[in-house]
Amino acid sequence: MKKIFLGLLCVFFIISNAKAQIITDLLGRKVNVPEKINKIICLGPGCLRLIVYLQAQHLVVGVEEIEKRKKKCTPYLIANPFLSKLPAIGPGGPASINKKPYLEKILTLKPQVIFATAFQKNTADEIQNILNIPVIVLDYGSLTLKKFEKIYASLNLVGKILNKTKRAAEIQDFIQKTKRDLKQRTKQISLQNIAQTYIGCIGYRGPHGIESTDREYLPFSWVKVNNVAQQLTPTIGTHIFLDKEMLLALNPEIIFLDGGGFKIFQHDLRKKYPFYKSLKAFINKHVYLLFPYNYYSTNIDTALVDCYAIGKILYPNKFKDINIEQKANSIYRFFVGNEVYEELKKIYGPLGKQINIFSIKNK
(Lines give C-alpha, C1' and ligand atoms only; values in the text may rest on other atoms or scores of the structure.)
Protein backbone atom coordinates (compact mmCIF):
# COMPACT_ATOMS: atom_id res chain seq x y z
CA MET A 1 0.00 0.00 0.00
CA LYS A 2 2.86 2.34 0.88
CA LYS A 3 4.53 1.72 -2.51
CA ILE A 4 1.26 2.35 -4.34
CA PHE A 5 0.85 5.68 -2.50
CA LEU A 6 4.37 6.80 -3.43
CA GLY A 7 3.86 5.67 -7.01
CA LEU A 8 0.60 7.59 -7.46
CA LEU A 9 2.14 10.77 -6.10
CA CYS A 10 5.14 10.40 -8.39
CA VAL A 11 2.75 10.13 -11.38
CA PHE A 12 1.15 13.38 -10.21
CA PHE A 13 4.51 15.15 -10.29
CA ILE A 14 5.35 13.79 -13.74
CA ILE A 15 2.11 15.27 -15.10
CA SER A 16 2.25 18.58 -13.20
CA ASN A 17 5.89 19.28 -14.11
CA ALA A 18 5.46 18.75 -17.84
CA LYS A 19 6.66 22.28 -18.72
CA ALA A 20 10.22 22.62 -17.53
CA GLN A 21 13.47 24.50 -17.99
CA ILE A 22 16.90 22.92 -17.71
CA ILE A 23 19.24 24.51 -15.18
CA THR A 24 22.69 23.61 -13.87
CA ASP A 25 23.04 23.55 -10.09
CA LEU A 26 26.14 24.30 -8.04
CA LEU A 27 27.35 20.70 -8.36
CA GLY A 28 27.12 20.89 -12.14
CA ARG A 29 24.02 18.68 -12.27
CA LYS A 30 21.56 19.28 -15.11
CA VAL A 31 18.08 19.44 -13.63
CA ASN A 32 14.63 20.04 -15.14
CA VAL A 33 12.59 22.52 -13.11
CA PRO A 34 9.06 23.84 -13.73
CA GLU A 35 8.70 27.23 -15.36
CA LYS A 36 6.18 28.34 -12.73
CA ILE A 37 6.86 27.42 -9.11
CA ASN A 38 4.44 27.90 -6.21
CA LYS A 39 5.73 25.42 -3.63
CA ILE A 40 9.29 24.72 -2.44
CA ILE A 41 11.18 23.24 0.50
CA CYS A 42 14.72 23.80 1.75
CA LEU A 43 17.23 21.31 3.14
CA GLY A 44 20.60 21.95 4.74
CA PRO A 45 22.42 24.78 6.56
CA GLY A 46 21.68 28.27 5.30
CA CYS A 47 19.27 27.17 2.59
CA LEU A 48 16.08 28.57 4.13
CA ARG A 49 17.95 31.76 5.04
CA LEU A 50 18.80 32.37 1.37
CA ILE A 51 15.16 31.90 0.40
CA VAL A 52 14.08 34.50 2.97
CA TYR A 53 16.78 36.91 1.78
CA LEU A 54 15.33 36.50 -1.72
CA GLN A 55 11.84 37.33 -0.38
CA ALA A 56 10.48 33.95 -1.47
CA GLN A 57 9.54 32.59 1.98
CA HIS A 58 5.84 32.56 1.02
CA LEU A 59 6.59 29.63 -1.31
CA VAL A 60 7.94 27.40 1.49
CA VAL A 61 5.55 24.60 2.49
CA GLY A 62 7.71 22.67 5.00
CA VAL A 63 10.86 23.17 7.08
CA GLU A 64 13.42 21.05 8.88
CA GLU A 65 12.81 20.42 12.57
CA ILE A 66 15.86 22.48 13.52
CA GLU A 67 14.17 25.53 11.97
CA LYS A 68 11.22 24.97 14.29
CA ARG A 69 13.32 25.23 17.46
CA LYS A 70 16.11 27.74 16.73
CA LYS A 71 14.09 30.91 16.29
CA LYS A 72 15.94 32.94 18.92
CA CYS A 73 19.30 32.76 17.13
CA THR A 74 18.16 33.50 13.62
CA PRO A 75 16.76 36.83 12.42
CA TYR A 76 15.01 35.25 9.42
CA LEU A 77 12.84 33.14 11.73
CA ILE A 78 12.20 35.97 14.19
CA ALA A 79 11.04 38.11 11.27
CA ASN A 80 8.94 35.31 9.74
CA PRO A 81 7.54 33.25 12.64
CA PHE A 82 5.07 31.42 10.39
CA LEU A 83 8.00 29.39 9.00
CA SER A 84 8.52 27.67 12.34
CA LYS A 85 4.90 26.48 12.29
CA LEU A 86 5.14 24.69 8.94
CA PRO A 87 5.25 20.86 8.78
CA ALA A 88 8.59 19.17 9.47
CA ILE A 89 10.18 17.63 6.37
CA GLY A 90 13.37 16.31 8.03
CA PRO A 91 15.39 16.65 11.23
CA GLY A 92 17.96 19.10 9.87
CA GLY A 93 21.06 20.09 11.80
CA PRO A 94 24.71 19.02 11.40
CA ALA A 95 23.91 15.31 11.88
CA SER A 96 21.45 15.38 8.95
CA ILE A 97 23.71 17.00 6.37
CA ASN A 98 23.74 15.00 3.13
CA LYS A 99 21.12 12.57 4.42
CA LYS A 100 17.61 11.79 3.22
CA PRO A 101 14.78 13.83 4.78
CA TYR A 102 11.22 12.62 5.50
CA LEU A 103 10.39 11.45 1.98
CA GLU A 104 6.73 10.54 2.50
CA LYS A 105 5.99 13.83 4.23
CA ILE A 106 7.58 15.77 1.39
CA LEU A 107 5.39 13.98 -1.13
CA THR A 108 2.23 14.91 0.77
CA LEU A 109 3.26 18.60 0.68
CA LYS A 110 3.73 18.46 -3.12
CA PRO A 111 6.69 20.85 -3.50
CA GLN A 112 7.71 21.50 -7.11
CA VAL A 113 11.38 22.05 -6.24
CA ILE A 114 13.70 21.05 -3.39
CA PHE A 115 16.60 23.40 -2.71
CA ALA A 116 19.50 21.91 -0.72
CA THR A 117 22.89 22.96 0.61
CA ALA A 118 25.83 20.76 1.66
CA PHE A 119 24.53 17.79 -0.35
CA GLN A 120 26.68 15.48 -2.43
CA LYS A 121 25.71 14.49 -5.96
CA ASN A 122 24.76 10.89 -5.13
CA THR A 123 22.42 11.92 -2.32
CA ALA A 124 20.77 14.66 -4.39
CA ASP A 125 20.28 12.26 -7.30
CA GLU A 126 18.84 9.57 -5.04
CA ILE A 127 16.28 11.90 -3.44
CA GLN A 128 15.34 13.28 -6.85
CA ASN A 129 14.89 9.81 -8.34
CA ILE A 130 12.81 8.53 -5.44
CA LEU A 131 10.48 11.52 -5.26
CA ASN A 132 10.59 12.58 -8.91
CA ILE A 133 10.96 16.16 -7.65
CA PRO A 134 13.88 18.28 -8.91
CA VAL A 135 16.62 18.74 -6.31
CA ILE A 136 18.74 21.88 -6.79
CA VAL A 137 22.00 21.82 -4.85
CA LEU A 138 23.25 25.23 -3.69
CA ASP A 139 26.46 26.28 -1.94
CA TYR A 140 26.50 28.57 1.11
CA GLY A 141 30.28 28.93 1.07
CA SER A 142 32.49 28.79 4.15
CA LEU A 143 31.49 29.89 7.63
CA THR A 144 33.99 32.75 7.49
CA LEU A 145 32.26 34.37 4.50
CA LYS A 146 35.73 35.44 3.37
CA LYS A 147 34.54 34.97 -0.21
CA PHE A 148 30.95 35.47 -1.28
CA GLU A 149 31.23 34.01 -4.78
CA LYS A 150 29.46 30.74 -3.91
CA ILE A 151 26.67 32.51 -2.05
CA TYR A 152 26.25 34.94 -4.94
CA ALA A 153 26.12 32.03 -7.38
CA SER A 154 23.43 30.37 -5.25
CA LEU A 155 21.42 33.59 -5.02
CA ASN A 156 21.64 34.08 -8.77
CA LEU A 157 20.58 30.49 -9.47
CA VAL A 158 17.57 30.57 -7.13
CA GLY A 159 16.74 34.04 -8.42
CA LYS A 160 16.58 32.68 -11.95
CA ILE A 161 14.41 29.72 -10.94
CA LEU A 162 11.98 31.73 -8.77
CA ASN A 163 11.93 34.91 -10.86
CA LYS A 164 13.90 36.81 -8.21
CA THR A 165 16.89 37.93 -10.29
CA LYS A 166 16.42 41.60 -9.39
CA ARG A 167 16.34 40.81 -5.69
CA ALA A 168 19.45 38.60 -6.00
CA ALA A 169 21.31 41.54 -7.56
CA GLU A 170 20.07 43.89 -4.81
CA ILE A 171 21.45 41.60 -2.10
CA GLN A 172 24.87 41.43 -3.71
CA ASP A 173 24.93 45.19 -4.20
CA PHE A 174 23.95 45.76 -0.55
CA ILE A 175 26.74 43.51 0.74
CA GLN A 176 29.35 45.16 -1.49
CA LYS A 177 28.23 48.69 -0.51
CA THR A 178 28.42 47.74 3.16
CA LYS A 179 31.91 46.34 2.72
CA ARG A 180 33.07 49.52 0.93
CA ASP A 181 31.61 51.70 3.69
CA LEU A 182 33.37 49.73 6.43
CA LYS A 183 36.68 49.64 4.57
CA GLN A 184 36.47 53.39 3.85
CA ARG A 185 35.89 54.23 7.50
CA THR A 186 38.96 52.30 8.67
CA LYS A 187 41.36 52.64 5.72
CA GLN A 188 43.58 55.24 7.42
CA ILE A 189 44.05 53.10 10.54
CA SER A 190 47.40 51.35 10.85
CA LEU A 191 47.42 47.78 12.16
CA GLN A 192 50.46 48.67 14.25
CA ASN A 193 48.29 51.01 16.31
CA ILE A 194 45.43 48.57 16.87
CA ALA A 195 44.95 46.70 20.14
CA GLN A 196 45.26 42.93 20.02
CA THR A 197 41.72 41.59 19.78
CA TYR A 198 40.02 38.21 20.08
CA ILE A 199 36.57 36.81 19.27
CA GLY A 200 35.35 33.89 21.37
CA CYS A 201 32.24 31.68 21.61
CA ILE A 202 31.95 31.36 17.80
CA GLY A 203 29.48 28.65 16.81
CA TYR A 204 30.74 25.68 14.81
CA ARG A 205 28.33 22.76 14.38
CA GLY A 206 26.76 23.94 17.61
CA PRO A 207 27.50 26.52 20.34
CA HIS A 208 30.89 26.74 22.05
CA GLY A 209 32.64 28.69 24.78
CA ILE A 210 35.45 31.22 24.76
CA GLU A 211 37.94 28.73 23.27
CA SER A 212 36.12 28.72 19.92
CA THR A 213 37.39 31.34 17.47
CA ASP A 214 38.24 31.94 13.81
CA ARG A 215 41.34 33.38 12.23
CA GLU A 216 39.32 34.76 9.28
CA TYR A 217 36.34 36.19 11.20
CA LEU A 218 34.63 38.48 8.67
CA PRO A 219 33.78 41.47 10.94
CA PHE A 220 37.44 41.69 11.98
CA SER A 221 38.53 41.62 8.34
CA TRP A 222 36.12 44.28 7.11
CA VAL A 223 36.66 46.66 10.05
CA LYS A 224 40.46 46.20 10.22
CA VAL A 225 41.07 44.49 13.54
CA ASN A 226 44.29 42.96 14.88
CA ASN A 227 42.98 39.41 15.30
CA VAL A 228 45.35 37.48 17.58
CA ALA A 229 43.98 34.18 16.26
CA GLN A 230 45.83 34.78 13.01
CA GLN A 231 48.96 33.68 14.86
CA LEU A 232 47.47 30.22 15.38
CA THR A 233 47.14 27.11 13.23
CA PRO A 234 43.49 26.41 12.28
CA THR A 235 41.77 23.31 13.68
CA ILE A 236 39.15 22.89 10.93
CA GLY A 237 39.27 25.12 7.86
CA THR A 238 39.90 28.54 9.38
CA HIS A 239 38.19 27.68 12.68
CA ILE A 240 40.24 27.22 15.83
CA PHE A 241 39.57 25.50 19.13
CA LEU A 242 42.37 26.63 21.44
CA ASP A 243 43.01 25.70 25.05
CA LYS A 244 42.82 28.21 27.86
CA GLU A 245 46.57 28.21 28.34
CA MET A 246 47.03 29.45 24.78
CA LEU A 247 44.43 32.17 25.28
CA LEU A 248 46.20 33.24 28.45
CA ALA A 249 49.51 33.34 26.56
CA LEU A 250 47.94 35.51 23.84
CA ASN A 251 46.26 37.63 26.51
CA PRO A 252 44.43 39.96 24.09
CA GLU A 253 43.66 43.51 25.15
CA ILE A 254 40.09 43.39 23.84
CA ILE A 255 37.73 40.41 23.69
CA PHE A 256 34.42 40.07 21.89
CA LEU A 257 32.05 37.24 22.79
CA ASP A 258 29.50 35.79 20.37
CA GLY A 259 26.02 35.61 21.86
CA GLY A 260 25.48 32.09 20.53
CA GLY A 261 27.91 30.65 23.06
CA PHE A 262 27.41 33.17 25.84
CA LYS A 263 25.55 30.79 28.16
CA ILE A 264 28.40 28.30 27.87
CA PHE A 265 30.83 31.10 28.68
CA GLN A 266 28.82 32.12 31.76
CA HIS A 267 28.72 28.55 33.06
CA ASP A 268 32.46 28.12 32.47
CA LEU A 269 33.22 31.46 34.12
CA ARG A 270 31.57 30.41 37.37
CA LYS A 271 33.59 27.17 37.39
CA LYS A 272 36.94 28.67 36.37
CA TYR A 273 36.78 32.22 37.63
CA PRO A 274 40.51 32.53 38.44
CA PHE A 275 41.38 31.95 34.78
CA TYR A 276 39.09 34.69 33.52
CA LYS A 277 40.21 37.26 36.05
CA SER A 278 43.79 36.65 34.86
CA LEU A 279 43.02 37.96 31.35
CA LYS A 280 43.79 41.65 30.90
CA ALA A 281 40.66 42.24 28.78
CA PHE A 282 38.47 41.12 31.70
CA ILE A 283 40.56 42.99 34.26
CA ASN A 284 40.25 46.24 32.26
CA LYS A 285 36.60 45.57 31.31
CA HIS A 286 37.29 45.54 27.58
CA VAL A 287 34.96 42.61 26.85
CA TYR A 288 31.88 43.08 24.66
CA LEU A 289 28.94 40.97 23.51
CA LEU A 290 27.89 40.50 19.87
CA PHE A 291 24.81 38.91 18.32
CA PRO A 292 25.16 35.26 17.12
CA TYR A 293 27.30 34.99 14.00
CA ASN A 294 26.87 31.29 13.14
CA TYR A 295 23.79 29.18 13.66
CA TYR A 296 23.04 26.55 11.02
CA SER A 297 25.60 28.41 8.91
CA THR A 298 26.35 32.13 9.11
CA ASN A 299 23.78 34.84 9.68
CA ILE A 300 24.97 37.19 6.94
CA ASP A 301 22.77 40.03 8.18
CA THR A 302 24.11 39.70 11.71
CA ALA A 303 27.69 39.51 10.41
CA LEU A 304 27.20 42.97 8.89
CA VAL A 305 25.46 44.27 12.01
CA ASP A 306 28.34 43.00 14.17
CA CYS A 307 30.79 44.81 11.88
CA TYR A 308 29.26 48.15 12.81
CA ALA A 309 29.11 47.28 16.51
CA ILE A 310 32.81 46.35 16.52
CA GLY A 311 33.71 49.47 14.56
CA LYS A 312 31.81 51.73 16.94
CA ILE A 313 33.51 50.17 19.98
CA LEU A 314 37.06 50.18 18.59
CA TYR A 315 36.92 53.39 16.54
CA PRO A 316 34.18 55.62 17.95
CA ASN A 317 35.36 58.67 15.99
CA LYS A 318 35.16 56.76 12.70
CA PHE A 319 31.64 55.54 13.47
CA LYS A 320 30.28 58.55 15.37
CA ASP A 321 27.46 59.01 12.83
CA ILE A 322 26.23 55.46 13.39
CA ASN A 323 23.34 54.76 15.73
CA ILE A 324 23.83 51.03 16.21
CA GLU A 325 20.16 50.21 16.81
CA GLN A 326 19.05 52.12 13.72
CA LYS A 327 21.83 50.62 11.61
CA ALA A 328 21.02 47.10 12.81
CA ASN A 329 17.33 47.52 12.06
CA SER A 330 18.01 48.91 8.59
CA ILE A 331 20.19 45.88 7.80
CA TYR A 332 17.71 43.37 9.21
CA ARG A 333 14.82 45.09 7.44
CA PHE A 334 16.63 44.77 4.12
CA PHE A 335 17.54 41.09 4.55
CA VAL A 336 14.59 39.56 6.40
CA GLY A 337 11.79 42.08 5.98
CA ASN A 338 11.41 43.21 9.60
CA GLU A 339 13.28 45.16 12.26
CA VAL A 340 14.33 42.47 14.73
CA TYR A 341 16.92 44.31 16.84
CA GLU A 342 14.60 44.65 19.84
CA GLU A 343 13.82 40.93 19.84
CA LEU A 344 17.52 40.06 19.74
CA LYS A 345 18.20 42.63 22.45
CA LYS A 346 15.63 40.93 24.72
CA ILE A 347 17.48 37.63 24.32
CA TYR A 348 21.13 38.73 24.37
CA GLY A 349 21.10 42.27 25.73
CA PRO A 350 22.18 45.42 23.88
CA LEU A 351 24.54 44.82 20.99
CA GLY A 352 28.09 45.64 22.06
CA LYS A 353 27.29 45.69 25.78
CA GLN A 354 30.23 45.58 28.16
CA ILE A 355 30.67 42.28 30.01
CA ASN A 356 31.50 42.37 33.71
CA ILE A 357 32.69 38.96 34.92
CA PHE A 358 32.46 39.98 38.55
CA SER A 359 28.70 40.53 38.30
CA ILE A 360 28.24 37.27 36.35
CA LYS A 361 30.13 35.29 38.97
CA ASN A 362 27.92 36.56 41.76
CA LYS A 363 24.59 35.95 40.05
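**View 1. I23 stands opposite V31 of strand β2 in a pair of antiparallel strands.** In this predicted model, strand β1 (residues 20-24) and strand β2 (residues 30-34) run antiparallel and are joined by five bridges. The two strands form a hairpin with five residues between them, and within this hairpin G28 takes a positive phi near 85°.

**View 2. F174 and F334 form a stacked pair of rings, one of the 19 aromatic pairs that the structure holds.** The ring centres of F174 and F334 are 4.1 Å apart and the planes are at 10°, so the two rings count as stacked. Because F174 belongs to helix α8 (residues 165-186) and F334 to helix α15 (residues 324-336), the pair ties together parts that are 160 residues apart in sequence. F174 is partly exposed, with a relative accessible area of 22%. The ring of F334 also has a charged neighbour, since the charged end of R167 sits over this ring, 4.3 Å from its centre.

**View 3. F265 of helix α11 and F282 of helix α13 make a stacked pair.** The centres of these two rings lie 6.0 Å apart with their planes at 15°, so the pair is stacked, and it ties together parts that are 17 residues apart in sequence. Both partners are buried: F265 has a relative accessible area of 0%, and F282 has one of 2%.

**View 4. Helix α11 (residues 262-271) has several buried residues, F265 among them.** The buried residues of this helix are F262, F265, Q266, D268 and L269. In an α-helix there are 3.6 residues a turn, so residues three or four places apart point the same way. What covers the buried residues of α11 includes the helices α10 (244-250), α12 (273-276), α13 (280-283) and α17 (357-361), together with the strands β11 (254-258) and β12 (287-290).

**View 5. Aromatic rings gather in a cluster, and elsewhere a lysine lies over a ring face.** The cluster consists of Y217, F220, F256, Y288 and Y293, which are linked by ring pairs. K244 lies over the face of F275, at 5.7 Å from the ring centre.

**View 6. C42 and C47 are shown in a structure that holds zero disulfides.** A disulfide is a covalent bond between the sulfur atoms of two cysteines. The closest cysteine sulfur to that of C42 is in C47, and because the distance is 4.1 Å, the two are too far apart for a bond. C42 is buried, with a relative accessible area of 5%, and another cysteine, C201, is also buried, at 0% relative accessibility.

Conventions: Residues are numbered from 1 along each chain as its sequence is written. This is a predicted model: local features need pLDDT of at least 70, side-chain atom pairs count only at pLDDT 80 or more; totals for chains, interfaces and linings use all residues. Side-chain values use heavy atoms; hydrogens and water are left out. Buried means under 20% relative accessible area, exposed over 50%, partly exposed in between (1.4 Å probe, protein chains only). Helices (H or I, at least four residues) and strands (E, at least two) are DSSP runs, numbered from the N terminus. Contact means heavy atoms within 4.5 Å. A disulfide is a pair of cysteine sulfur atoms within 2.5 Å. Two strands pair if DSSP finds at least two bridges between them. Rings of Phe, Tyr and Trp (its six-membered ring) pair if their centres lie within 6.5 Å; planes under 30 degrees apart count as stacked, over 60 as edge-to-face and the rest as tilted. A charge sits over a ring if NZ of Lys or CZ of Arg is within 6 Å of the ring centre and within 35 degrees of the ring normal.
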